[in-house]
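Subject: Structure handover

Hello,

Here is the structure for you to take over. Please look through it before reading the notes underneath.

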Amino acid sequence: MSEVAQETDSPGYGLLGLAGAGVMTALAAIFIYVPTEKTEGIIQRIMYFHVPSAWIAFFAFFIVFLCSILFLWKKEREWDIYAHASAEIGIVFCTLVLITGPLWAKPVWGVWWVWDARLTSTLVLWLIYVAYLMLRVQSEPGSTRARYAAVIGIVGFLDIPLIHFSVLWWRTFHPSPKFITTQGLGTGNDPSMNITLLIALGAFTLLYFLLMSLRVRLERMKDEIDRIKKERLYSH
Amino acid sequence: MNNLGYLFAVNVFVWGGVFVYVFSLVRRSHSLKKDLDLLKETLKKDSSHE
């Protein structure tokens, strides 16, 4: 039996269990452990979904950036598979950021959306990686497609530092970072808020690795099918 | 919508979104597995005819 077929028979139950336990712990921390914030009230709990979604989107696009560089350097299909898989997951979580943000903004700011630097640059990031995935869907499979995708994957990542520093460089509606500050990590926050945020970040990270393993397996199966089809074609 | 409604909506979108994505991955995986098995079976038949 081939390596791919063997992998599809073992869906990584260890990782599934870990991610499941992480998500359950995070939900318990968000809804039971952490006290309600004084200013915003219960709505502030959206932060424990919004910030980890943003973290996973940025982390996923960083993996795209890294794997795209490695692909252009080493020309190995493996790096292209990781970049493609990570971009798709990044888009899922970036979409969640763009949905949870307005749902938090409406009761706090009174509007769903403002065209400030943080929100606009995040929307631009989403559009860049949607274009990345569209390029992969629309063009013929091969090294040319992988090369073009890698270039978009690298250039697109340059938007992330802009998103991070936008709240410091320009006057924005979006608040400055509350966890990563110049005074240190989580300074000034209630310790229970920092712990809950860390648990949520950990749970979402486990979820990312679980989704990556599923998505990478899918891409390897496609490769296996293409390989067999090519072999059949040449043998006849 | 009251504040609890917004928090509920966030939960629906986050977990619903993750669930839909996982479901799409599993569905695509099953479909590819079926194609792969079919191809292997065809290959086996081809080799037994030769």
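The notes below go from chain A to its core and then to chain B.

This is a predicted model, in which local features need pLDDT of at least 70 and side-chain atom pairs count only at pLDDT 80 or more, while totals for chains, interfaces and linings use all residues. Residues are numbered from 1 along each chain as its sequence is written, and chains are lettered from A and ligands numbered from 1 in the order in which they are written.

Chain A has eight helices and two strands (DSSP runs numbered from the N terminus: helices are H or I of at least four residues, strands E of at least two). Their order along the sequence is α-α-α-α-α-α-α-β-β-α. The C-alpha trace of chain A spans about 75 × 40 × 30 Å along its principal axes. Of its 236 residues, 36% are buried, meaning that 20 or more other C-beta atoms, placed from the backbone, lie within 10 Å of the residue's own.

The largest nonpolar core (buried Ala, Val, Leu, Ile, Met, Phe, Trp, Tyr and Cys residues joined through C-beta atoms within 7 Å) holds 65 residues. Among the elements that give two or more residues to this core are α3 (47-74) of chain A and α1 (3-49) of chain B. The most, 16 residues, come from α4(A). A:Ala60 is one of the five core residues that touch the most other members.

Between the chains, 20 residues of chain B are in contact with 28 residues of chain A (C-beta atoms, placed from the backbone, within 7 Å).

Regards

How values were computed. Contact = placed C-beta atoms within 7 Å. Buried ≥ 20, exposed ≤ 12 C-beta atoms within 10 Å, placed from the backbone.
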